[in-house]
Amino acid sequence: MHESRNAGAAPGQPTRREAIAALAGAALAAGGLKGGYHVDDPLLASLDLERPDLAAVRQAIDRADPDGARSALARHLRERPAPRWHFDPGSPPADCGPDERAEADRALKHVFEVGGIRHAFAGPIDWAFNPTTRPGSPNPPDHEWTWQFNRHGAWEALARAYTATRDPRYAHELVAEMLDWVHANPAPEGAAQQGPFSRWRTIEAGIRMFSAWPEAYHRLLRHPDVFPDDALLTMVDCMRRHAAYLDAHPTGGNWLCMEANGQFHVAALFPELREAAHWRESALTRLRREVDAQVYPDGAQIELTPGYHNVSLSNFVGTLALARRNDISLPDGYQAGLERMFAVNLRVMSPDRDLPQLNDSWSVDVRPILRQGVGLFPAHRDWAWVASDGREGERPAETSCLLPWAGWAVMRSGWGRDARYMVVDAGPFGYGHQHEDKLSFVLHAFGARLVFDAGSYAYDASDMRRYALSARGHNVVHVDSREQNRRPGPRERFVAREPFPLTWSTTDDYDYLQASFGALPEERWGAERLANVVHTRCVLFVKPDYWVVADTLAASDGEEHLYECTFHLDAEEAPVEAASLAARLRGAAAEMAVVPLAREGLRAEVIVGRREPTLQGWLPLRHNERGASPRPCLVYSRRAAGTTRFATVFSPAPRGGGPAVRAVRPAAPRPGEALRATIVTGSGEHAFALLETGGALHEAAGRRFGPA
């Protein structure tokens, strides 16, 4: 199968079509064929033969003509006008970009790339193979390689390449690989196969049923010369088995969205199957239930990972789009949760039209997402404004906001690309893809990201993956080198049942957030899960110029502790001035001064690309890939017993413009205050003070907060 790339064959050897027919017969036999095509043909036996459009199939079965029944079924599938896919199979779009064409060309040679790791199969494809688990592999073990390989993205590339070029090599290869996969990987019986090397992990089964498989099927459907009847029916029969498998083994979270979306696609596209109506209703019931279970009242998906928020949203919408195209009714209330989810993309969006890479998230361009949202909810003119880069719609009225269930506080000066922006993660741990990052933040200004979150990394067993997950990769405080530790415990505990406890206020002049780590039962320090310190962080945005981040560490054990406050700066270097301990960073578009207010006993250090004793000062390259770039991590540290405080000013400016904060002058605290300083800007002087009790912000920029 894999050696022959042409329709012809050497004398005495089977032709490509004969080889495909033989594989198709073997695949059906593996599925339960006992001889003959009457009731023992699993696909024919699964049909609803009471349907009028299957009359020719039923007549052939009644006259004991299995070959005629299969031919009639294939003819029906090729010619029917409905159900409708996203394009007409008779004239599919020639939309194969250069990257997809390159992927298709590699697939012709059995070369595949997953997560940045490329592998060439010398002979037949081993669908259970994983190059990262081979002895001597240069990469840490990563079971995602096998799993994601079996999502069959290369098949979609092959199908698009065939549509664009009509070169039969692409279609022949796709069909050969599909038949080989079906023959080598029968659907599991009994429990779901979710472990390493599985080709039937339920998430992959769902993904390939709404993406690569139906896309390839519809692109080849009207071309029996490269997609003969036996191959077509083998593919349909395997899709049927996928729907049954997904119906039997639902999971939860964003996985369940993908599983149910895939199940719905099979059911909607093949109503001729007797179980299709059940699968369709089962999938819709699950998805409707998940809209309530996964979407907080503020619109955030419970995993609190912006990338996966949109994975769930895209699957909810994928079912909605196919249902609308085929006049299938959706459950009441289905769309309301989706509207809230679309709105989160606008409210949390950074000035570069991306989403903050919180938890296992990645770079997400919100414009096409909101463009799709406007198509579903046209009243949202602010979505249209972002989607069109301001050419349509209306500029959003809201700037800063709090998502109270997610615990995300968004502080912004406006909606231009040069706006000043910070998002603080002060919420629950999240249902999945969690990082130890409570109270961390990301800061953008003047077209540049200046303070970053480690974001995601390959799902492997590397030290860099552990770094991205740990508090070391975030802008938080460490206690005696111990990091935040919320991970132990059932996942259900990490889902909020009410708005998360924090303090928030916003006006035209300022935004203010106060939240803590260590006060809740699940919030502990280090592997020992100590409960001896509570960290309270207050963040003040004095609009539109600068932020003050104030951290109070209150120890209950009377012991002295080492506190390290880390800030990850997106610049090549960030030198520290010896006298003021202020750091200055300069990028291509912007610069920023980072100035400490409470300097007594304070030590400043910049760590870049450190590997020992712990990783520090790294920016992972991208989600699900390997590699990281060194970046400066500014560490302010202090040893103290009882209660101690850090207070840090972040003052960004355009490159060469000079920071808004000109000077910071310590001042004598007043009664009941722990710290007081004067911040001098180009427009005047601002007082800043912290209360003794709890570290609450008491006064800033001439305004009072909390008790008098």
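This passage describes the cores, selected buried elements, the second largest pocket and some unusual backbone sites of a predicted model.

The largest nonpolar core of the predicted model comprises 107 residues, and those with the most contacts inside it are W213 and L338. Helix α11, which spans residues 229-248, gives the most to this core, with ten residues. Apart from this core lies another, made up of 44 residues, among them L402, L513, V533 and L581. Around L338, when residues up to four places away in sequence are not counted, the residues touched are V291, L313, F316, V317, L320 and F377. Of these, V291 falls within the range of helix α13, residues 276-294, whereas L313, F316, V317 and L320 fall within that of helix α14, residues 306-325.

W213 belongs to helix α10, where it is one of the buried residues. This helix, formed by residues 212-220, is mostly covered, with nine of its nine residues buried. The buried set in α10 includes A212, P214, A216, Y217 and L220, and also E215, H218 and R219. The buried residues of α10 pack against several other helices, namely α4, α7 (153-165), α8 (168-184), α9 (202-210), α11 and α12 (253-269). Helix α11, one of these packing partners, is also the helix that gives the most to the largest nonpolar core.

Among the strands, β25, which covers residues 684-691, is largely enclosed by the rest of the structure, because six of its eight residues are buried. Strand β24, residues 673-681, runs antiparallel to β25 and is joined to it by eight bridges. A hairpin of two residues connects β24 to β25, and within this pairing L675 has L690 of β25 as its bridge partner.

A further buried position is M592, which is found in strand β17, residues 590-596. The relative accessibility of M592 is 3%, and it therefore counts as buried, the cut-off being under 20%. When neighbours within four places in sequence are left aside, M592 is in contact with L443, L450, V451, L569, A583, R584, L585, F650, S651 and P652. The last of these contacts, P652, is separated from M592 by 60 residues in sequence, yet the two C-alpha atoms are 4.0 Å apart in space.

The second largest pocket encloses about 550 Å³ of space. Its lining consists of 25 residues, of which S470, R472, S481, E483 and T614 lie nearest the centre of the pocket. By residue class, the lining divides into ten charged, eight polar and seven nonpolar residues. At least two lining residues are supplied by each of α18 (463-469), β9 (484-485), β15 (560-568), β18 (603-608) and β21 (632-641), and the largest share, four residues, comes from α18.

R472, one of the residues nearest the centre of this pocket, is placed in the loop between α18 and β8, the latter covering residues 477-479. With a relative accessible area of 6%, R472 is buried, because this value is under the 20% cut-off. Beyond its neighbours within four places in sequence, R472 is in contact with Y467, H478, S481, E483, E564, H568, T614, L615 and Q616. Three of these partners, S481, E483 and T614, are themselves named among the residues nearest the pocket centre.

Several loops show unusual backbone geometry. Most residues other than glycine have a negative phi, and most peptide bonds are trans. A64, although not a glycine, has a positive phi of about 55 degrees, and is placed in the loop between α3 (55-62) and α4. L304 likewise has a positive phi of about 55 degrees without being a glycine, and lies in the loop between α13 and α14. The surroundings of these two sites contrast, since A64 is exposed, with a relative accessible area of 62%, whereas L304 is buried, with a relative accessible area of 2%.

Two cis peptide bonds are also described here. One joins A82 and P83, with an omega of about 5 degrees, and P83 is located in the loop between α4 (66-79) and α5 (98-108). Another runs from K543 to P544, with omega near -5 degrees, and P544 lies in the loop between β13 (533-542) and β14 (546-555).

How values were computed
Residues numbered from 1 in each chain as written. Predicted model: local features only at pLDDT ≥ 70, side-chain atom pairs only at ≥ 80, totals over all residues. Heavy atoms only, no water. 1 Å grid on protein atoms, 1.4 Å probe; cavity = no way out; pocket = protein on both sides within 12 Å on 5 of 7 lines; lining within 4 Å. Points joined across faces, edges and corners; volume = space filled by probe spheres on them. Nonpolar A, V, L, I, M, F, W, Y, C, P; charged D, E, K, R; others polar. Buried < 20%, exposed > 50% of the residue type's maximum accessible area, 1.4 Å probe, protein only. Core = buried A, V, L, I, M, F, W, Y, C linked by side-chain atoms within 4.5 Å. Contact = heavy atoms within 4.5 Å. Pairing = 2+ DSSP bridges.
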